[in-house]
Amino acid sequence: MKKNILGIIILLAVFYLSGSLAQAMGQAVEKPIKTVDVNKDGKPDVSYYGDVKTTARIEADTNYDGQPDVIVNTKEGKFQSAEIDADYDGSFDTTITDANQFKQWINMNRPGFKQTLGKSDWSLMPPDFLGHEITR
Ligand SMILES: [Ca+2]
Ligand SMILES: [Ca+2]
């Protein structure tokens, strides 16, 4: 009986440790694969998440206050949706699910981010980003 309890404790410990490990690995996966410093102040403003071949999510800080206010979600490299905090109050108030509509919004409202956000195909890292890439 005592052995069983010990076994359960060991199992729980293993579960706990593997959980933390998965969490640690999850955090590692969440590191951006690329960042771009749009206003060239030395701080990254656009972060790309995913793997080398496909961008899964893009977070952009379009007013340079350190908080992301545009998040682009992709699925298998294709534009899926964009969430926008248009008034920079910290809550995302607008969702755009059409790639062309989002491009138009970017062109109208955040023209400085046309190159870094206004794409519908994210299956390849656009080469023109390499110029102002600051981290890997
Ligand atoms: Ca910057
Ligand atoms: Ca911001």
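**Two exposed loop residues, a nonpolar core and a low-confidence end**

Glu76 sits in the loop that links β4 and β5. In this predicted model, the phi angle of Glu76 is near 50°, a positive value in a residue other than glycine. Glu76 counts as exposed because it has 9 C-beta neighbours inside 10 Å, and the cut-off for an exposed residue is 12 or fewer. A positive phi is also found at Lys40, again a residue other than glycine, with a value near 55°. Lys40 lies in the loop between β1 (34-36) and β2. Lys40, too, counts as exposed, because 10 C-beta neighbours lie inside 10 Å.

It helps to place these loops within the chain as a whole. The protein chain holds three helices and seven strands. Read from the N terminus, the order of elements is α-β-β-β-β-β-β-α-α-β. Of its 136 residues, 22% count as buried. Contacts between residues at least 6 apart in sequence include 30% that join residues at least 24 apart.

The interior comes next. The largest nonpolar core has 16 residues, and those touching the most other members are Val46, Ile58, Ala60, Val70, Val72 and Leu117. Two or more residues each come from β2 (46-50), β3 (55-60), β4 (70-75), β5 (78-84) and α2 (99-109). The most generous contributor is β5, with three residues. Glu76 can thus be placed in the loop between two of the contributing strands, β4 and β5.

Ala60 gives a closer view of this region. Leaving aside residues up to four places away in sequence, Ala60 touches Asp45, Val46, Pro68, Val70, Phe113, Thr116 and Leu117. Among these partners, Val46, Val70 and Leu117 are also named with Ala60 as core residues that touch the most other members.

How far the model can be trusted varies along the chain. The average pLDDT of the protein chain is 83, and 78% of the residues score at least 70. Confidence is highest in strand β6 (residues 94-96), at a mean of 98, and lowest in strand β7 (residues 133-135), at 45. Across residues 130-136 the pLDDT is below 50, although this stretch has 11 contacts in the model beyond near neighbours in sequence. Where pLDDT is low, predicted coordinates should not be read in detail.

Key. Residues are numbered from 1 along each chain as its sequence is written. Chains are lettered from A and ligands numbered from 1 in the order in which they are written. This is a predicted model: local features need pLDDT of at least 70, side-chain atom pairs count only at pLDDT 80 or more; totals for chains, interfaces and linings use all residues. A nonpolar core is a set of buried Ala, Val, Leu, Ile, Met, Phe, Trp, Tyr and Cys residues joined through C-beta atoms within 7 Å. A residue is buried if 20 or more other C-beta atoms lie within 10 Å of its own, exposed if 12 or fewer, and partly exposed in between; C-beta atoms are placed from the backbone. Helices (H or I, at least four residues) and strands (E, at least two) are DSSP runs, numbered from the N terminus. Two residues are in contact if their C-beta atoms, placed from the backbone, lie within 7 Å. pLDDT is the predictor's confidence in each residue, from 0 to 100.
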